[in-house]
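Welcome, and please load the model in your viewer. Switch on the side chains and get ready to follow some aromatic rings.

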Amino acid sequence: ISPIVSEDILSPFRDESNEYTVVSCAWLRPPKRIDLVAKSFKYVPENIKLKWFHFGDGPLMSEIKEIIKQLPSNIEAFMMGDTDNKKIHEFYMKNVVHAFIHISDSEGLPFAIQEALSYGIPVIANDVGGIGEVVNENTGVLLPQQVSPEILAKELLKFLSSEKNSASYHKKIKDWHYNNIVKRMKEDYKNTLISELMKTETVLS
């Protein structure tokens with residue numbers, strides 16, 4: 001279930017000229033491909049400074065840290081480990097996040113993606129499971145199911161240099177999330193509540 005974040009809360013945005021921040025959030029274990037995400041950053045040109053924050057722990061932490069050691073100096077990686085959900089929300093509220101990256105071999109409809117969208121953060125993800133339901137031209141970049149580190153880096157850089165990397169696009173994403181997810185959730189909840197009340201009335205009558 002997607003979090004219902006206040007319509008007034010939007011992740012801050014600044015165009016910092018070749019300095020970007022990206023985030024990922026997932027357990028460090030298959031089928032999540034955080035190793036692929038980490039490897040993609042070696043294809044980021046040296047003139048671009050990139051900060052990567054990853055929230056989540058798991059058995060692949062040591063492997064990911066070894067990949068990070070091989071990344072060029074223009075990449076700063078912050079492995080945040082197992083982080084309380086409240087802290088992740090605070091991070092989104094206080095920090096500029098240019099993109100949320102999610103690559104997986106199989107998936108449902110990730111809660112982490114919906115959280116990012118609720119703050120107006122663009123999502124770059126591959127087309128597995130239900131991801132295509134929420135990641136589209138209105139909310140970010142939907143990649144093919146099979147994606148390589150080179151392709152991921154190419155699409156990330158393409159997005160960061162596009163007109164979509166803007167405060168207005170972040171606002172558009174938040175509006176899309178509210179109109180297409182939050183409103184639907186509220187309607188589903190209302191219908192469920194009405195149904196349960198009708199069942200109760202039937203039993204009592």
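This tour walks through aromatic ring pairs, one selection at a time.

Before you start, keep in mind that this is a predicted model. The structure holds 7 aromatic pairs, and two of them are our stops.

**Stop one: select Phe53 and Phe78.** The two ring centres sit 4.5 Å apart with 10 degrees between the planes, so this pair is stacked, given that planes under 30 degrees apart count as such. Now colour by secondary structure: Phe53 belongs to strand S2 (residues 49-55) and Phe78 to strand S3 (residues 75-81), so their contact ties together parts 25 residues apart in sequence. Turn on the surface next. Phe53 is buried, with 14% relative accessibility, while Phe78 is partly exposed at 29%.

**Stop two: keep Phe53 and add Phe91.** These two rings form a tilted aromatic pair, with 4.9 Å from centre to centre and 55 degrees between the planes. Follow the backbone from each side and you will find Phe53 in strand S2 and Phe91 in helix H3 (residues 85-94), so this pair links distant parts of the chain, 38 residues apart. Phe91 is buried as well, at 11% relative accessibility.

**Stop three: widen the selection.** Which residues do ring pairs link into a cluster? Select Phe53, Phe55, Phe78, Phe91, Tyr92 and Tyr119 to see them together. Phe53, Phe78 and Phe91 from the earlier stops are among them.

Note on methods
Residues numbered from 1 in each chain as written. Predicted model: local features only at pLDDT ≥ 70, side-chain atom pairs only at ≥ 80, totals over all residues. Heavy atoms only, no water. Phe/Tyr/Trp six-rings, centres within 6.5 Å; stacked < 30°, edge-to-face > 60°. Helix = DSSP H or I, 4+ residues; strand = E, 2+ residues; numbered from the N terminus. Buried < 20%, exposed > 50% of the residue type's maximum accessible area, 1.4 Å probe, protein only.
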